[in-house]
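This report walks through a single protein chain, moving from its aromatic side chains to its charged pairs and its surface. The reader may wish to keep the structure in view while following the text.

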Amino acid sequence: MEPWTYSVYFWFSLFYLIGRTIGMCLFGAEIHTESRKPALILRKIPTEGWNVETERFLELINNQCVSLTGNGYFFITRPFLLSLTGTIVTYELVLMQFNESGTLDSPSSDPCE
């Protein structure tokens, strides 16, 4: 038997790593949400104060994605995190259904039959 300190260290580091990863993803998604807030303020500008620069700035805010990115392949936003979470949950449910039917854990069944 291993000492109990190894077990405590393992579980603490595992939960710390999972919490840190989840926190980074949520705070990274908040960058995209916060980058959209100036558009709400710019839309409240009366027509007398509206000029070409404010119009260009509003277009830049609406058309540019400001968020953490994975080398340009994906952007960490709230919809991305929701779809990623849905995909992981669906995958886990499918794995649990396969496990209940006994196709993964039954070594006596031959998959070639």
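## Aromatic pairs

In this predicted model, Phe12 and Tyr16 both belong to helix 1, where four residues, or about one turn of the helix, separate them. Their ring centres are 6.2 Å apart and their planes meet at 15°, so the pair counts as stacked. Phe12 is exposed, with a relative accessible area of 57%, whereas Tyr16, at 49%, counts as partly exposed.

A stacked pair is also formed by Phe74 and Phe80, with 5.3 Å from centre to centre and 15° between the planes. Both partners are partly exposed, Phe74 having a relative accessibility of 37% and Phe80 one of 25%. The structure holds four aromatic pairs, and Phe10, Trp11 and Phe15 come together in one aromatic cluster.

## A nonpolar patch on the surface

The three members of that cluster, Phe10, Trp11 and Phe15, also contribute to a nonpolar surface patch of about 630 Å², which is completed by Ile18, Ile22 and Leu26. Phe10 is located in helix 1, and with a relative accessibility of 47% this residue counts as partly exposed.

## Overall architecture

The protein chain contains four helices and zero strands, so that, read from the N terminus, its elements follow the order α-α-α-α. Among the contacts in the chain with a separation of 6 or more, 50% are between residues 24 or more positions apart.

Of the 113 residues in the protein chain, 13% are buried. The chain exposes about 9,700 Å², and carbon and sulfur atoms supply 67% of that area.

## Salt bridges

Side chains of opposite charge can pair when their charged atoms come close. A search of the whole structure finds two salt bridges. One of them joins Glu30 to Arg78, with the closest N and O atoms 2.5 Å apart. Because Glu30 lies in helix 1 (residues 4-35) and Arg78 in helix 4 (residues 78-101), this pair ties together parts of the chain that are 48 residues apart in sequence. Neither partner is classed as buried: Glu30 is partly exposed at 27% relative accessibility, and Arg78 is likewise partly exposed, with a relative accessible area of 40%.

A salt bridge is also formed between Glu34 and Lys37, for which the closest N and O atoms are 3.1 Å apart. Here too the partners are partly exposed, with a relative accessibility of 37% for Glu34 and a relative accessible area of 41% for Lys37.

## A buried serine in a loop

Where in the chain is Ser67 placed? Ser67 sits in the loop between helix 3 (52-63) and helix 4. Despite this loop position, Ser67 has a relative accessibility of 16% and counts as buried, because the cut-off for that class is under 20% relative accessible area.

Which residues are in contact with Ser67, leaving aside its neighbours within four places in sequence? The contacts of Ser67 beyond those neighbours are Ile31, His32, Phe75, Ile76 and Thr77.

Terms used
Residues are numbered from 1 along each chain as its sequence is written. This is a predicted model: local features need pLDDT of at least 70, side-chain atom pairs count only at pLDDT 80 or more; totals for chains, interfaces and linings use all residues. Side-chain values use heavy atoms; hydrogens and water are left out. Helices (H or I, at least four residues) and strands (E, at least two) are DSSP runs, numbered from the N terminus. Buried means under 20% relative accessible area, exposed over 50%, partly exposed in between (1.4 Å probe, protein chains only). Contact means heavy atoms within 4.5 Å. Accessible areas come from the Shrake-Rupley method with a 1.4 Å probe; for residues, only the protein chains shown count as cover. A salt bridge is a side-chain nitrogen of Lys or Arg within 4 Å of a carboxyl oxygen of Asp or Glu. Patches are made of residues with over 30% relative accessible area and no salt bridge: like charges are joined within 9 Å, nonpolar side chains (Val, Leu, Ile, Met, Phe, Trp, Tyr) within 5 Å. Rings of Phe, Tyr and Trp (its six-membered ring) pair if their centres lie within 6.5 Å; planes under 30 degrees apart count as stacked, over 60 as edge-to-face and the rest as tilted.
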